[in-house]
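This report describes selected helices, a hairpin and the nonpolar cores of one chain. The sequence and structure are shown first.

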Amino acid sequence: QPRSIALITTRAPLRIPLGGGGTDLPSYYEQHGGFILSAAIDKYVFIQLNTLQVEDFVRVKYSETEVVDSVVDIRHPLLRESLLHSDVGTGLEIGAMADVPGRTGMGSSGAFTVALLAALHEYKRQPVPRQQLAEAANHVEAVRCAQPAGKHDHYLAAFGGLTCLDISTDGRVSVSPLSITVHTSEELRNSMVVFFTGIQRESFDILSQQERDTKEGDERVIDSLHEIKVIGHDIKKALEAGALDRFGELLHTHWETKKKRSAKMSDPDIDRWYEEARRAGALGGKLMGAGGGGFFMFYCPAEKRGALRERMAAEGLQEMNFQFDLEGAKVLMNL
């Protein structure tokens, strides 16, 4: 019988971590519990899925194009394992696009997997709750693809918003919105100035090393993660109290603490940009994701932002404007 026609477009947001980063890896939270505070932003990964009417192969398009007779032959691990996990078979074409480059610390692989699974569930007419979508995406990346992936990216991509994740030692995640006023949220967004360093890198090495060090009981790494978690809770309190400059100061403490965890977190260029930003008036800042490049976010009071922008432009860094995303993973179209 003829195949039904489907044309489905989904999207999932990228995120800017605000506190607790790294405590969402199982090597840490299974022993100590984790805490993440993060902001989804209006930069997205998009997935388009449509049915092939007569062909029985699968065509997938990302930075490359693959045409295969069987799902198991797809080289892209997240695409292959998501399709196998969803058990949708062949006769499909799937394409991916993103608003920002991959390997830049914005959680793009997590958002990709969430958007892809959302499209596949929609195709099967079996939409699932956000928590189930986040857990499925985490399972695909962390278990089926054996990547050193925490819970953070999948949950922010699924839920969106300014969101707190409390992760228990058994891996269960309690999701709650950050309790701040609209005014504070708007002031926070204006105070966060984000620049692209031009450096793209794999987080795999840094995260794998952190996993190994944590499992082996490296006290320096574990103590750093304990500190990061405490700072994350302090940042939550500061933001909920509307104490935004305190958030900036805590970001600086976080930066100093995170650099203790791995020599790959920073390099002479990154250190120079950070010091230049501080001299221009930023109170604190952080690299997105595991570190080593990607996007730099600085907290800067209003009267100093012009100087910060000039200084970073002189260093060749490009600013990225953004808003917070409050929708999370979304089906944009289903024909």
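## Helix α8

Just after α8, G242 adopts a positive phi of about 75 degrees. The model under discussion is a predicted one.

Helix α8 itself covers residues 219–240, a total of 22 residues. Because each residue should contribute 1.5 Å, the expected span is 32 Å, and this agrees with the 32 Å that separates the end C-alpha atoms. The buried residues of α8 include V221, I222, L225, I228, I231, I235, A238 and L239. S224, K229 and G232 in this helix are buried as well. In an α-helix there are 3.6 residues a turn, so residues three or four places apart point the same way.

## The nonpolar cores

The largest nonpolar core has 75 residues, and I16, L18 and L239 touch the most other members. Beyond its neighbours within four places in sequence, L18 is in contact with I235 and L239, both of which are among the buried residues of α8. Further contacts of L18 include L37, S38, A39, L162, L188 and M192, and F247, L251 and M297 also belong to this list. Another core, of 16 residues, lies apart from the largest one; among its members are V193, W255, Y274 and L317.

## Helix α2

In helix α2 (residues 77–86), L78, L79, E81, S82, L83 and S86 are buried. These buried residues pack against two strands, β3 (58–61) and β5 (92–98), and against two helices, α3 (108–123) and α4 (130–144). D87, just after α2, has a positive phi of about 55 degrees.

## H154 and A142

H154 lies in helix α5 (residues 152–159). With a relative accessibility of 1%, H154 counts as buried, because the cut-off for that class is under 20%. Residues up to four places away in sequence aside, H154 touches G110, V114, A134, A137, N138, E141 and A149.

A142, by contrast, belongs to helix α4 and, at 24% relative accessibility, counts as partly exposed. Its contacts, apart from neighbours within four places in sequence, are Q147 and A149. A142 and L25 are 117 residues apart in sequence, yet their C-alpha atoms are 9.8 Å apart in space.

## The hairpin of β6 and β7

Strands β6 (residues 162–167) and β7 (residues 173–177) pair in the antiparallel sense over five bridges. In this pairing, C164 stands opposite S176 of β7. Five residues lie between the two strands of the hairpin, where G171 takes a positive phi near 90 degrees.

Notes: Residues are numbered from 1 along each chain as its sequence is written. This is a predicted model: local features need pLDDT of at least 70, side-chain atom pairs count only at pLDDT 80 or more; totals for chains, interfaces and linings use all residues. Side-chain values use heavy atoms; hydrogens and water are left out. Helices (H or I, at least four residues) and strands (E, at least two) are DSSP runs, numbered from the N terminus. Buried means under 20% relative accessible area, exposed over 50%, partly exposed in between (1.4 Å probe, protein chains only). Contact means heavy atoms within 4.5 Å. The expected span of a helix is 1.5 Å times one less than its number of residues. A nonpolar core is a set of buried Ala, Val, Leu, Ile, Met, Phe, Trp, Tyr and Cys residues joined through side-chain atoms within 4.5 Å. Two strands pair if DSSP finds at least two bridges between them.
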